[in-house]
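Here are some notes to read beside the model. Each point takes up one topic.

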Amino acid sequence: MSSKQIQVFYELEIIPGKADELLDIARQMVAFNDAGEPNTQVYNVYVNDDQTLLTYWETHADSAAMLYHAERFANGDFIGQVVERTQGARLCLYGDVSDEMKTWVIDNGFEVEYFSYIDGFTHY
């Protein structure tokens with residue numbers, strides 16, 4: 001991770017009986033974001049074995065890229081589809097999140113936990 005990257009951990013509780021629908025929506029989101037977000041470096045979606053938790057793990061080039069992604073999500077069709085099939089969530093942002101992004105989070109009603117980058121490396 002570079003010092004400018006923003007990583008996102010977004011874990012949502014799936015409403016019983018809604019997992020199959022939500023997994024299909026998640027796949028659509030992956031394709032949508034892959035095609036429209038050149039500064040989203042990682043966008044992976046996971047589900048636990050009993051299909052009660054859906055997790056997004058994302059890496060954005062910087063706070064501006066994260067804000068671009070957040071705007072697309074909040075103003076697009078996917079947010080309603082996801083919210084209708086989930087109950088409760090944990091959203092964590094890792095890295096040097098800009099004040100503009102923090103203001104956006106508050107203005108859009110998200111509860112977020114922030115984590116500052118200390119040090120690390122990535123091998124590919």
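**Notes on side-chain contacts**

1. Glu 21 and Lys 18 join their side chains in a salt bridge, with N to O at 3.9 Å. The model is a predicted one. Glu 21 is partly exposed, at 34% relative accessibility. Lys 18 is also partly exposed, at 28%.

2. Glu 21 has another partner. Its side chain meets that of Arg 85 in a salt bridge of 2.8 Å, N to O. Arg 85 belongs to the loop between α3 and β4, while Glu 21 belongs to helix α1, so this pair ties together parts 64 residues apart in sequence. Is Arg 85 buried or exposed? Arg 85 is buried, with a relative accessible area of 16%; the cut-off for buried is under 20%.

3. Now to the strands. Arg 90 forms a salt bridge with Glu 113, and the closest N and O atoms are 2.7 Å apart. Arg 90 is in strand β4 and Glu 113 is in strand β5 (residues 112-115), so the bridge ties together parts that are 23 residues apart in sequence. Both ends have some exposure: Arg 90 is partly exposed, with a relative accessible area of 36%, and Glu 113 is partly exposed, with 32%.

4. Which residues do shared salt-bridge partners join into one network? They are Lys 18, Glu 21, Glu 84 and Arg 85. Over the whole structure, a search finds 5 salt bridges.

5. Next, the aromatic rings. The count comes to 7 aromatic pairs. One of these is the edge-to-face pair of Phe 32 and Phe 78, at 5.6 Å centre to centre and 65° between the planes. The two rings come from distant parts of the chain: Phe 32 lies in helix α1 (residues 19-36), Phe 78 in helix α3 (residues 78-83), and they are 46 residues apart. Phe 32 counts as partly exposed, at 37% relative accessibility. Phe 78 counts as buried, at 15%.

6. Trp 104 and Phe 110 form a stacked aromatic pair: 5.7 Å centre to centre, with 20° between the planes. Trp 104 is buried, at 10% relative accessibility. Phe 110 is partly exposed, at 22%.

7. Which residues do ring pairs link into a cluster? The members are Phe 9, Trp 57, Tyr 94 and Phe 115. Another ring has a charge above its face: the charged end of Lys 102 sits over the ring of Tyr 114, 5.0 Å from the ring centre.

8. Turn to the nonpolar core. The largest one has 27 residues. Within this core, Met 29, Tyr 56, Met 66, Val 82, Leu 93 and Met 101 touch the most other members. Which elements each supply at least two residues? They are β1 (6-14), α1, β3 (53-60), α2 (63-75), α3, β4 (86-94) and α4 (99-107). Helix α1 gives the most, with 6 residues.

9. Met 66 deserves a look on screen. Set aside its neighbours within four places in sequence. Met 66 is then in contact with Ile 6, Val 8, His 60, Leu 93 and Met 101. Leu 93 and Met 101 also appear in the list of core residues that touch the most other members.

10. Asn 33 lies in helix α1. Is Asn 33 buried or exposed? Asn 33 counts as buried, at 5% relative accessibility. Leaving aside neighbours within four places in sequence, Asn 33 is in contact with Tyr 43, His 69 and Arg 72.

11. Last, a point on the backbone. Most residues other than glycine have a negative phi. Gln 51 is not a glycine, yet has a positive phi of about 55°. Gln 51 is placed in the loop between β2 (40-47) and β3. Gln 51 is partly exposed, with a relative accessible area of 33%.

Note on methods: Residues are numbered from 1 along each chain as its sequence is written. This is a predicted model: local features need pLDDT of at least 70, side-chain atom pairs count only at pLDDT 80 or more; totals for chains, interfaces and linings use all residues. Side-chain values use heavy atoms; hydrogens and water are left out. Rings of Phe, Tyr and Trp (its six-membered ring) pair if their centres lie within 6.5 Å; planes under 30 degrees apart count as stacked, over 60 as edge-to-face and the rest as tilted. Helices (H or I, at least four residues) and strands (E, at least two) are DSSP runs, numbered from the N terminus. Buried means under 20% relative accessible area, exposed over 50%, partly exposed in between (1.4 Å probe, protein chains only). A charge sits over a ring if NZ of Lys or CZ of Arg is within 6 Å of the ring centre and within 35 degrees of the ring normal. A nonpolar core is a set of buried Ala, Val, Leu, Ile, Met, Phe, Trp, Tyr and Cys residues joined through side-chain atoms within 4.5 Å. Contact means heavy atoms within 4.5 Å. A salt bridge is a side-chain nitrogen of Lys or Arg within 4 Å of a carboxyl oxygen of Asp or Glu.
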